[in-house]
Amino acid sequence: MRRMAVMLALLLAAGCGPPERPYTPSDVATPVTGDTAAAPAPTPAQSKTVEVGDELKVKVEKGSSASALQRLFADYYVERWKAVVIGDTGYLRHVEPSMIPRAGEWVRGFADRQESARGVARLYRLRITSVMGKGAQVDTCVDERGVRLVSTPTGKAVARQPDWVRAPYLQAVLAHRGDDGVWRIREFRQDKEGCT
């Protein structure tokens, strides 16, 4: 009996308990404390689904107190897809003048290839990772596995889907607050790690 109790303790210590529930973007991590019964319930993340066009939606999950800085990439991301789908150029107001050519090149690439998109993209874990004076970094997890590129003339999915639709990725945005008090994107960085 004693040997069985020791084996059970070793199995539990090794992590052979019940399987973890699969991750979904709406999961909220609860900090582990010594007295979990007295710990307050976490504030659930809020989700907002934005329709970009007839066939494309962006689901944005954010904390309950999202600031203008925290919303910067999400607003840019939604409006950039609007530029692809319906030709709106409002996304450019979220970038610094030096970034306009680079941002416009991405959008023009869709027009040049006669492509658009349909499905659902998800942004989650929007977080401000640093603020120093007028500079800041905002990180966001982007999941575009539910997005399919389509040919605008035929409406059919393109034969070769790009790599960025295959796995979530971390999108880091370096932002700068101008003299007008508005945060704008100065630089983008992507990483395959950090969102799986």
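**Exercise 1. The nonpolar core**

Which residues of the largest nonpolar core touch the most other members?

*Solution.* The model is a predicted one, in which local features need pLDDT of at least 70 and side-chain atom pairs count only at pLDDT 80 or more, while totals for chains, interfaces and linings use all residues. Residues are numbered from 1 along each chain as its sequence is written, and side-chain values use heavy atoms, with hydrogens and water left out.

Begin with the term itself: a nonpolar core is a set of buried Ala, Val, Leu, Ile, Met, Phe, Trp, Tyr and Cys residues joined through side-chain atoms within 4.5 Å, where buried means under 20% relative accessible area, exposed over 50% and partly exposed in between, with a 1.4 Å probe and protein chains only. The largest such core has 37 residues, and V58, F73, Y76, Y77, W81 and L123 touch the most other members. Next, locate the contributors: β2 (56–62), α2, α3, β3, β4, β5 (169–177) and β6 each supply at least two residues, and α2 gives the most, with ten. Helices (H or I, at least four residues) and strands (E, at least two) are DSSP runs numbered from the N terminus.

Finally, take Y76 as one of these residues; leaving out residues up to four places away in sequence, Y76 is in contact (heavy atoms within 4.5 Å) with Y91, H94, V95, A103, I185 and F188.

**Exercise 2. Helix α3**

Describe the course of helix α3 and the covering of its buried residues.

*Solution.* Helix α3 runs over residues 100–113 and has a kink of about 25° centred on V107, the bend being the angle between axes fitted to the seven residues ending there and the seven starting there. V107 is buried, as are A103, G104, G109 and F110, and what covers these buried residues includes α2 (68–86), β3 (115–132) and β4 (135–151). Just after the helix, Q114 takes a positive phi of about 55°.

**Exercise 3. Two strand residues**

Classify Q171 and R184 by accessibility, then list their surroundings.

*Solution.* Q171 belongs to strand β5 and counts as buried because its relative accessibility is 4%. A polar atom of the Q171 side chain lies 3.1 Å from the backbone oxygen of R189, and the contacts of Q171 beyond four places in sequence include F73, V138, F188 and R189.

R184, found in strand β6 (residues 183–191), counts as partly exposed because its relative accessibility is 22%. Leaving aside neighbours within four places in sequence, R184 is in contact with L72, R93, H94, V95, E96, L174, A175 and H176. The C-alpha atoms of R184 and L92, 92 residues apart along the chain, are separated by 9.5 Å.

Conventions
The expected span of a helix is 1.5 Å times one less than its number of residues. A polar contact is a pair of N or O atoms within 3.5 Å; within protein, one must be able to donate a hydrogen and the other to accept it, and residues adjacent in sequence count only if both atoms are side-chain atoms.
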